[in-house]
Amino acid sequence: MLEWGISFDGTAAATPIRCELIHTGTIAATVTAHVAAGVQPFNDPNLPTPSTYFTLSTTGTGFNASAEGTIVASRMGDLQLVAPTNQYVKQFPLGEEFQVPAAGVLRIRTTSTASVGCYCYAIVSV
């Protein structure tokens, strides 16, 4: 993991939103599956299709989780409280990137009392 970021479309300052970058072992959430066009190469447009590196399914790479999954153990990569009118970007120093094994599950999880839209991204090295 080289970098991740998140922003919200709230219009009023309110209770900050808990934003977590976590590795949950092999326990995935139930999500809306990404399509190949939703996972894009960042620095090399000639890389193979995303399905070469990512599982594009309702329990793989996706968004809008509807069920959490029973997490047995997790490892925190970053934790922030972000206002619903704000954004956050974290770029890891070279050699200190947050590592997730090939079969591991990386999540960006938010917990909010407000109903706001969220945009997030992760730049990973494959």
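Colleague: Where does aspartate 78 lie?
Modeller: Aspartate 78 sits in strand S5, residues 75-82. Keep in mind that this is a predicted model.

Colleague: How do you know that aspartate 78 has no salt bridge?
Modeller: The nearest side chain of opposite charge, lysine 90, is 5.4 Å away. A salt bridge has to fall within 4 Å, so this pair does not qualify. Aspartate 78 is buried all the same.

Colleague: What makes the approach of aspartate 78 to tryptophan 4 a polar contact?
Modeller: Their side chains are joined at 3.2 Å, and the cut-off is within 3.5 Å, so the distance fits.

Colleague: Why is tryptophan 4 called buried?
Modeller: Its relative accessible area is 0%. Buried means under 20%, so tryptophan 4 belongs there.

Colleague: And what about tyrosine 88: why is that residue called buried?
Modeller: Tyrosine 88 has 17%, and since the limit is under 20%, that value counts as buried too.

Colleague: How many aromatic pairs are there by the rule?
Modeller: The count comes to 1. Tryptophan 4 and tyrosine 88 form an aromatic pair, 5.7 Å centre to centre with 65° between the planes. Centres must lie within 6.5 Å and planes over 60 degrees apart are edge-to-face, so this one is an edge-to-face pair. The pair links distant parts of the chain, strand S1 (residues 3-8) and strand S6 (residues 87-91), with the two residues 84 apart.

Colleague: What makes tyrosine 53 partly exposed?
Modeller: Tyrosine 53 has a relative accessible area of 38%. Buried is under 20% and exposed over 50%, so tyrosine 53 falls in between. This residue lies in the loop between strand S3 (30-33) and strand S4 (62-67), and with Val124 and Val126 it makes a nonpolar surface patch of about 250 Å².

Terms used:
Residues numbered from 1 in each chain as written. Predicted model: local features only at pLDDT ≥ 70, side-chain atom pairs only at ≥ 80, totals over all residues. Heavy atoms only, no water. Patch = residues over 30% accessible without salt bridge, like charges linked within 9 Å, V, L, I, M, F, W, Y side chains within 5 Å. Areas by Shrake-Rupley, 256 points an atom, 1.4 Å probe, with all protein chains shown as cover. Helix = DSSP H or I, 4+ residues; strand = E, 2+ residues; numbered from the N terminus. Buried < 20%, exposed > 50% of the residue type's maximum accessible area, 1.4 Å probe, protein only. Phe/Tyr/Trp six-rings, centres within 6.5 Å; stacked < 30°, edge-to-face > 60°. Lys, Arg positive; Asp, Glu negative; His and termini not counted. Polar contact = N/O pair within 3.5 Å; in protein donor to acceptor, adjacent residues only side chain to side chain.
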